[in-house]
Amino acid sequence: MSATRRDLTRRLWLLLVLGATTTVVLFSAYRGVHDDSVPLVSSSTPGILAVDTAKNALQRAHEAVDGSGPQGDATGEFHTQISVAHQSIALAASENVTGPSDRHTLQTVTGLITVYSAWVERAGKEPNTSLRDAYLHYALQGRNDILDRLDELRNEQLNVARKQAAFPWPLWLGWSAVLVLCLALCVALMEAQRFARRRFRSAVHPSLLAATVLCVTGVAALGWFTLRAHTAMADSLAALSETRAADDIPEVGADVEGYMANAGFWASLSDWVLIGGVLLMALTVVGLWPRLSEYRFKVPR
């Protein structure tokens with residue numbers, strides 16, 4: 001094997017190894033951030049807001065009872081708010097943010113709301129003021145128990161959302177490795193171009209130049225999308241962390257949807273990381289393989 005063929009072979013293998021390694025590490029680092037962005041906006045956010053809605057509905061329901069006087073709630077506001085609470089709990093259960101514990105807590109809460117409603121209805125039918133007050137006292141204790149369970153569930157849901165929005169040290173390590181590998185790959189590509197230009201008197205090697213541009217622009221674009229996604233997730237978490245009144249809940253949901261409007265697009269680009277890596281390695285082969293073929297049958301002089 002001639003010295004030129006040997007040098008080209010070493011450079012080709014180095015570029016292929018760097019290209020494959022960079023692709024795999026970039027794919028893992030990118031997925032590590034964006035795989036959680038869609039669940040945050042599609043599952044965690046509706047689940048947390050549904051719990052908030054249920055809490056506010058229960059509070060409004062009891063306010064309707066407290067302000068109804070001895071004859072009970074004649075407007076039906078109590079039953080309306082209880083219906084809203086049931087619907088919100090069903091929505092929270094469908095999102096299944098925290099897994100089996102989520103469903104178990106919500107099943108318990110559903111049963112407690114039924115008991116709470118029964119106490120309130122008995123109080124409304126009771127002509128004796130003392131008994132009515134006793135029934136309402138039991139109802140209030142039941143409502144407080146329900147709210148405590150919902151608060152605990154909301155904290156668990158928020159912990160899930162925090163993990164989804166977090167950027168822990170493995171991701172920092174992964175993206176640091178991406179930058180180092182990208183730099184090494186670009187240096188290797190430019191050195192291969194310089195070697196080929198010096199050895200073969202060719203001013204430009206389009207395939208190697210295209211591979212370099214693809215590496216730089218691809219990593220830069222994906223890094224920018226990751227930064228935007230992480231910022232959007234942090235803003236969403238900040239909005240969800242605050243306990244809000246019922247009238248403000250739709251606004252919070254709209255804000256999170258606005259922050260995460262491009263989450264699906266960002267996440268879908270992970271498949272293109274692999275495609276881009278294969279394309280980069282193909283451009284490398286296209287750039288160097290014809291030169292290797294020229295030296296296939298040559299021997300050192």
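This is a short talk about a pocket, a helix pair and one loop residue in a predicted model.

Okay, housekeeping. Residues are numbered from 1 along each chain as its sequence is written. Since we're looking at a prediction, local features need pLDDT of at least 70 and side-chain atom pairs 80 or more, totals for chains, interfaces and linings use all residues, and side-chain values use heavy atoms, leaving out hydrogens and water.

Let's start with the pocket. A pocket here is an open set of points on a 1 Å grid over the protein atoms alone, where a 1.4 Å probe fits, with protein on both sides within 12 Å along at least five of seven lines; lining residues have an atom within 4 Å of a point. The largest one has a volume of about 350 Å³, counted as the space filled by probe spheres set on the points, which are joined across faces, edges and corners. Its lining has 20 residues, and Leu214, Gly218, Leu222, Trp272 and Gly276 lie nearest the centre.

Next, the helix pair. Helices are DSSP runs (H or I, at least four residues), numbered from the N terminus. Helix 2, residues 37–66, packs against helix 7 at about 5°, with the axes 11 Å apart. Axes are lines fitted to C-alpha atoms over the stretch in contact, and angles run from 0 to 180 degrees between N-to-C directions. So the two helices, helix 2 and helix 7, are roughly parallel (angles under 35 degrees).

Last one: Asn96. It sits in the loop between helix 3 (77–95) and helix 4 (100–125). Asn96 isn't a glycine, yet its phi is positive, about 50°. Most residues other than glycine have a negative phi. Is Asn96 buried or exposed? At 29% relative accessibility, Asn96 counts as partly exposed, the class between buried (under 20% relative accessible area) and exposed (over 50%), using a 1.4 Å probe and protein chains only.

Conventions
Parallel < 35°, antiparallel > 145°, perpendicular 65-115°, else oblique.
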